[in-house]
Structure formats: structure tokens, C-alpha cells
Amino acid sequence: MTDQPKQLLHLVLGGDLKDTQSVEFADLSKVDIVGLYPNYAEAYAAWRAKAAATVDDAQKRYFVVHLHRLLDPSTDKH
């Protein structure tokens, strides 16, 4: 068995916001769940691709959620 880095789950999601100054989605049924990733680097790459593809849409934003921090607060320093 090989030593693999600890899995630190990240979720990438996005969609149209009610207001560009908030993080409240206009319609939760239309939130784009991009995916779950085992580390920040992979999540960041997915976020960057989605953000770049929607750069001309001011109401649309994508986020990286650090799920590992919710599941295990001891990983917050990572």
C-alpha cells in the first residue's frame, strides 16, 4: 500500500447570484454543482476553468467550499 496524501474534500459550485455584493443564489434549483475534489489544487483548477468560462456574466460566481473543514475541524490549518 502506497502512502497517499490525506484526502481533504473540496466542493466546487456556482451559479447566478441575487446581487453581486452577496453570496445568495438567485435560484437554488439552478446551482451548478461542478464536483467534489480530493484536494485544493484540483478544486482550484476546476473553479478557475468555470470562472474563466463565465467571466462575462457578472451575476454568475463560482466557489470552492472546504468540506474537510466542516467534516473534521482539525483540518482547518490545511
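With which residue does Lys-60 form a salt bridge, and how far apart are the closest N and O atoms? In this predicted model, the partner of Lys-60 is Asp-16, and the closest N and O atoms of the two residues are 3.6 Å apart. Lys-60 belongs to strand β3, which spans residues 60-65, whereas Asp-16 belongs to strand β1, so the salt bridge ties together parts of the chain that are 44 residues apart in sequence. Both side chains fall into the intermediate class of accessibility, since Lys-60 is partly exposed with a relative accessible area of 23% and Asp-16 is likewise partly exposed at 36%.

The pair formed by Lys-60 and Asp-16 is one of 4 salt bridges found in a search of the whole structure. Another of these joins Lys-50 to Asp-32, with a separation of 3.1 Å between the closest N and O atoms. This pair links distant parts of the chain, given that Lys-50 is located in helix α1 (residues 40-53) and Asp-32 in strand β2 (residues 32-37), 18 residues apart. Lys-50 is partly exposed, with a relative accessible area of 30%, and Asp-32 is partly exposed as well, with a value of 24%. A further salt bridge brings together the side chains of Lys-6 and Asp-72, at an N to O distance of 3.9 Å. Here the linked parts are the segment before β1 (10-16), which contains Lys-6, and the segment after α2 (67-71), which contains Asp-72, the two residues being 66 residues apart. Lys-6 is exposed, its relative accessible area of 55% lying over the 50% cut-off for that class, while Asp-72 is partly exposed at 30%.

Attention then turns to the nonpolar interior. In soluble globular proteins, nonpolar side chains tend to be buried together. The largest nonpolar core of the model comprises 6 residues, namely Leu-11, Leu-13, Leu-17, Phe-25, Val-31 and Leu-67. Among these, Leu-11 touches Ile-33, Gly-35, Leu-36, Phe-63, Val-64, Val-65 and Leu-67 when residues up to four places away in sequence are not counted. His-10, which is found in strand β1, is buried, with a relative accessible area of 2%. The side chain of His-10 makes a polar contact of 3.0 Å with the side chain of His-66, and, with neighbours within four places in sequence left aside, the residues in contact with His-10 include Gly-35, Tyr-37, Asn-39, Tyr-40, Ala-43, Val-64 and His-68.

The structure also holds 3 aromatic pairs. Phe-25 and Phe-63 form an edge-to-face pair, with 6.1 Å from centre to centre and 90° between the planes. This pair again links distant parts of the chain, Phe-25 being in the loop between β1 and β2 and Phe-63 in strand β3, 38 residues apart. Phe-25 is buried, with a relative accessible area of 15%, whereas Phe-63 counts as partly exposed at 25%. Tyr-40 and Tyr-44 form a tilted pair, in which the ring centres are 5.9 Å apart and the planes enclose an angle of 35°. Both tyrosines lie in helix α1, 4 residues apart, or about one turn of the helix, and both are partly exposed, Tyr-40 at 40% relative accessibility and Tyr-44 at 31%. Together with Trp-47, Tyr-40 and Tyr-44 form one aromatic cluster.

Notes
Residues numbered from 1 in each chain as written. Predicted model: local features only at pLDDT ≥ 70, side-chain atom pairs only at ≥ 80, totals over all residues. Heavy atoms only, no water. Buried < 20%, exposed > 50% of the residue type's maximum accessible area, 1.4 Å probe, protein only. Core = buried A, V, L, I, M, F, W, Y, C linked by side-chain atoms within 4.5 Å. Contact = heavy atoms within 4.5 Å. Polar contact = N/O pair within 3.5 Å; in protein donor to acceptor, adjacent residues only side chain to side chain. Phe/Tyr/Trp six-rings, centres within 6.5 Å; stacked < 30°, edge-to-face > 60°.
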